[in-house]
Structure formats: C-alpha cells, structure tokens
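Good morning, everyone, and thank you for making room for me today. Please have a look at the model on the screen before I take you through it.

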Amino acid sequence: MDTLNQVLDAVFQRVQNHWIELLTAAAFTLVGWFFGRRRAKADWRKREFFDRVNFSLNSLGPAEKGADGEPGPRTLRIRTLAEMNAGDVFLNAAARDAVTAAARRTTPADPTLPLPQNDYWFYLNAVLNELSERFAAGLLRRDLGQQVRGETYLVCLTCEAAGTIRQRKIRAMVIRKDLLLDLPEGEPAYEAPTHSTRWETLRFLAAEHGRNPWKFLEVELCL
C-alpha cells in the first residue's frame with residue numbers, strides 16, 4: 001500500500017509540476033484531430049483523396065467489327081493494378097508530403113505533378129520499386145529459363161483535374177512505351193463516358209514525354 005501511495009504521489013507531483021505542458025499537448029492533439037476530421041469530410045465531399053496512390057494500367061483493346069463488318073475504333077481500357085496509401089509508397093514523410101501537396105496543384109491543362117526536376121527521379125523510383133515488386137515473379141521465371149513475355153512500360157505521376165473525373169487522387173500511370181509514343185490519331189471507344197478525360201490525359205502525356213522525358217521512368221514488366 002505504501003508503494004502504491006508513493007507511486008500516486010510521484011505521478012501527482014509530476015502532473016502538478018508540468019500541468020501547463022500536458023495541457024498544451026492535449027490542446028494541440030485535440031486541435032489536430034478536429035482539423036484532420038474537418039479536412040477529411042471536405043475531401044470526401046469534393047471526392048479528393050490525395051493520400052492515395054492508384055497504379056493505373058492504360059491500354060487499347062483490339063478493334064471490333066461493327067454491323068457493317070468494318071473494324072471500329074479500339075477501346076480504351078483502364079485497369080487498377082493496385083491502390084495504396086501514399087505513405088506506403090513514399091516511405092519518407094517529407095517525400096510523401098511533397099507529392100500530396102503537388103497533387104493538389106495540378107491543373108486541367110497539366111495533370112502531371114509539379115515537382116522539382118532534380119527530385120523527380122526519386123519520386124518515380126519509389127513508384128517503380130513498388131510496381132516492380134508486384135511483377136518480380138515474372139523476372140525470376142525468365143532468369144530460370146522459363147517462358148515469359150515482357151514489355152517495356154512507362155510510368156509517370158499524375159493527378160487529373162479536368163473533365164469528368166469522379167475522384168481526384170494521385171495516379172501512377174502505367175502504359176506500354178510503344179503505345180504512348182505512337183497513339184492512334186482517332187479517338188477510341190470508351191467503356192464508360194468518363195474515360196474520355198483519360199484519353200486527353202494520355203495525349204498530353206505523349207507530348208509531354210517529348211518535352212520533359214524526366215517526368216517518366218521506364219520499367220520492364222514480365223509475366
């Protein structure tokens with residue numbers, strides 16, 4: 001009992017000596033929680049999720065014949081390879097904050113993340129590492145002499161803000177290099193009307209690769 005009383009006295013004495021610091025810390029915690037909740041609600045209303053990274057595979061399906069027997073336009077296909085918290089992709093907190101801040105600054109005219117050129121490789125490399133890990137089995141099978149198929153893809157960071165985008169989030173765009181650099185002139189068919197914005201994004205990225213190739217990284221994916 002005496003030991004318990006001594007412990008309680010020590011705790012009470014510590015609180016008494018540092019009550020201002022403890023109260024200040026509690027106040028900051030409460031304020032941070034309040035504004036965090038408020039921002040989360042605002043982001044939900046605006047459908048903005050800048051703390052998420054969506055790995056988005058973009059491709060064109062084969063042309064299908066129409067009723068007249070003539071081939072129609074190819075179909076734009078958008079598929080999610082993965083979606084993660086930004087902090088799980090950009091493991092450094094400063095890098096994560098820089099990417100999410102840049103995502104908020106993209107414009108309808110330019111969906112690529114406005115990050116410093118000298119730092120861009122490091123952000124893209126974090127994305128590439130995550131992507132490569134998911135396809136590591138294919139590389140190992142090829143190394144063991146097994147039959148696989150590999151293609152060279154381009155990866156870039158965007159946050160689309162134009163057109164009919166339903167959700168704003170960081171997107172790691174993944175597309176075959178040969179496809180992006182030789183996009184068809186004509187507009188493709190869409191699986192959903194909202195995909196027209198993605199086509200405009202891809203057209204922008206094709207031109208941007210020629211202007212600023214440092215915004216892209218190549219990665220070989222094997223299956």
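I will begin with the protein as a whole and then turn to one lysine and to one pocket.

This is a predicted model, in which local features need pLDDT of at least 70 and side-chain atom pairs count only at pLDDT 80 or more, while totals for chains, interfaces and linings use all residues. Residues are numbered from 1 along each chain as its sequence is written, and side-chain values use heavy atoms, with hydrogens and water left out.

The protein has eight helices and six strands, taken as DSSP runs numbered from the N terminus, with at least four residues for a helix (H or I) and at least two for a strand (E). Of its 223 residues, 35% are buried, that is, under 20% relative accessible area with a 1.4 Å probe, counting protein chains only.

Now, where does lysine 169 sit? It lies in strand E4, which covers residues 168-176, and lysine 169 is buried, with a relative accessible area of 7%. Its side chain makes a polar contact of 3.1 Å with the side chain of glutamate 83, where such a contact is a pair of N or O atoms within 3.5 Å, one able to donate a hydrogen and the other to accept it, and residues adjacent in sequence count only if both atoms are side-chain atoms. Leaving aside residues up to four places away in sequence, lysine 169 also touches, among others, Phe49, Arg52 and Thr158, with contact meaning heavy atoms within 4.5 Å.

Technical notes. Buried < 20%, exposed > 50% of the residue type's maximum accessible area, 1.4 Å probe, protein only.
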